[in-house]
Amino acid sequence: MTAVPDPPARTLHGRRVLITGGSRGLGAATARRLAAMGAEVTITYRQREDDAAAVVADCAASTPGARAEPLDLLDEDSVRSLFERITERDGSLDLVIANAAATAFKPLLDLKMHQIDKTFTITVRHFLLIAQLAFPLLQPRGGRIIAVSGADTVGYIPGHGLLAAAKAGMETIVKYLACELGPQGVTAVGVLPGYIDTESIRLMAGPFHDKLLAAEEQTHPLRQAATPDDASEAIALLCLPEARWLNGQIVQNDGSGLFAYMGRFGQAWAMVPDGQVMPDTTDAPMLGGDAPH
Ligand SMILES: NC(=O)c1ccc[n+]([C@@H]2O[C@H](COP(=O)([O-])OP(=O)(O)OC[C@H]3O[C@@H](n4cnc5c(N)ncnc54)[C@H](OP(=O)(O)O)[C@@H]3O)[C@@H](O)[C@H]2O)c1
């Protein structure tokens, strides 16, 4: 059993949460964290029923009522029948966390049409369907939709063009949901993690993963590579009623890794050992002084 350190106060006591893709990675860590905060958690899985059952056991140890449901986001009927079951059984939800994702990591010109269709089906078409089906369950309780986006919408990541395009669509849907559902008491927010050390990123990075991990540990402002549990912290904050005024925001949950990455040249300078003279830039044309213009 994976324990969540120092469980926070049971601030989500009595809340019903649906998390798509909760069998592993960020979804599993979020499920465990929210259950530790008192939420009654339903996770979905596509293939890994056993992994999902293990996550449910961890969650149920914190808060009774945890369960796992099959869901294939490529299949419209599967999405509809999930919500039929939830409606029949519970009749309401407080939080829906759209976390599950799958795509093909390839340069844009190498993508096949079916890969484009599948990525947009999971991330855009059926995210919107989830919002439509969840709304009547969320509305009576003033609930919230939380969509998990990714760093590839704000910076280039090799092979991520397709997923980034779909996630950018998802982010836009979040902003429109915020405006359209807000007057009816339902809020929507996006969360945008940076690197998270999950199975899928290890698969994506292949032989380069060790380098990627080392780069995070050496250059990230927090000097570590985020674990799924780390990344779940901000999602838990977004689940609190007090996050209502973040309606429509895409909250970067990357420990400032993306901003720091853009400042890598400055960081290289900061690593000049103490006592070593910094490069003399007084003659640089952009810095004024006596330099010719
Ligand atoms: N890892 C990162 O560095 C990172 C960074 C930024 C954003 N994100 C985002 O964070 C979220 C979680 O990422 P992760 O790395 O934790 O994911 P992951 O480890 O790859 O887990 C994916 C989850 O989605 C489920 N899933 C896959 N295909 C599905 C389908 N067709 N229908 C329904 N469920 C499906 C999987 O179910 P099974 O286990 O049953 O296959 C699993 O539970 C994703 O939205 C991802 O884009 C990740």
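Start by selecting residues 187-193, strand E6, where both faces are covered: Thr 187, Val 189, Val 191 and Pro 193 on one side, and Ala 188, Gly 190 and Leu 192 on the other, are all buried. That makes 7 buried residues out of 7, so the strand is mostly covered. Keep in mind as you look around that this is a predicted model.

**Next door: strand E5**

Now add residues 144-148. This is strand E5, which pairs with E6 in the parallel sense over 5 bridges. To see the pairing residue by residue, label Val 148 and find its bridge partner in E6, Val 191. Then label Ala 147, whose bridge partner in E6 is Gly 190.

Is E5 mostly covered or mostly open? Mostly covered, with 5 of its 5 residues buried. Turn the view to look at its two sides: Arg 144, Ile 146 and Val 148 point one way, while Ile 145 and Ala 147 point the other way, and all are buried.

What joins with E5 and E6 to make a β-α-β unit? Select residues 161-181, helix H5: together with the two strands, this helix makes a right-handed unit.

**One step further: strand E4**

Go on to residues 95-98, strand E4, which pairs with E5 in the parallel sense through 4 bridges. Two pairs are good to label here. Ile 97 stands opposite Ile 146 in E5, and the bridge partner of Ala 98 in E5 is Ala 147. Ala 147 is a handy landmark, since you have already met it as the bridge partner of Gly 190 in E6. To follow the chain from E4 to E5, show residues 113-138, helix H4; the chain crosses through this helix, and the β-α-β crossover is right-handed.

**The other side of E6: strand E7**

Return to E6 and select residues 250-253. This is strand E7, which runs parallel to E6 and is joined to it by 4 bridges. For a pair to label, try Pro 193, with Asn 253 as its bridge partner in E7.

**Stepping back to the whole sheet**

Now show all the strands. In what order do they lie? The order is E3-E2-E1-E4-E5-E6-E7, an open sheet of 7 strands with parallel pairing. Strand E3 (67-70) and E7 stand at the edges with a single partner strand each, so one side of each has no neighbour in the sheet. Look along the sheet and you can follow its twist: on average, neighbouring strands are turned by 20° against each other, direction ignored.

Next, select residues 49-62, helix H2. This helix packs on the sheet, where it touches strand E2 (40-45) and E3, and its direction makes about 170° with that of E2.

**Around the ligand**

Centre the view on the ligand. Of the 32 residues around it, the nearest are Gly 21, Gly 25, Ala 101, Gly 150 and Ser 200. Helix H1 (25-36) and helix H6 (199-205) are the elements that give two or more residues to this shell. Colour the shell by residue type and you should find 16 nonpolar, 10 polar and 6 charged residues.

**Two residues to compare**

Select Cys 239, which belongs to helix H8 (residues 228-239). Is Cys 239 buried or exposed? This residue counts as buried, because 24 C-beta neighbours lie inside 10 Å, and the cut-off for buried is 20 or more. Leaving aside neighbours within four places in sequence, its contacts are Leu 12, Leu 34 and Leu 95. For a link back to the start of the tour, draw a distance from Cys 239 to Val 189: their C-alpha atoms are separated by 9.7 Å, although the two residues are 50 apart along the chain.

Then move to Leu 74, in the loop between E3 and helix H3 (76-89). Leu 74 has 15 C-beta neighbours inside 10 Å and therefore counts as partly exposed. Not counting residues up to four places away in sequence, Leu 74 touches Lys 118, Thr 121 and Ile 122. The C-alpha atoms of Leu 74 and Phe 120 are 9.4 Å apart, with their positions 46 residues apart along the chain.

**A last look at everything**

Finally, zoom out to the full protein, with its 10 helices and 7 strands. Buried residues account for 39% of its 293 residues. Among contacts with a separation of 6 or more, 73% are between residues 24 or more positions apart.

Terms used
Residues numbered from 1 in each chain as written. Predicted model: local features only at pLDDT ≥ 70, side-chain atom pairs only at ≥ 80, totals over all residues. Buried ≥ 20, exposed ≤ 12 C-beta atoms within 10 Å, placed from the backbone. Pairing = 2+ DSSP bridges. Right-handed = clockwise from strand over helix to strand, strands pointing away. Axes fitted to C-alpha atoms, helices over the stretch in contact; angles between N-to-C directions. Contact = placed C-beta atoms within 7 Å. Near = placed C-beta within 6 Å. Nonpolar A, V, L, I, M, F, W, Y, C, P; charged D, E, K, R; others polar.
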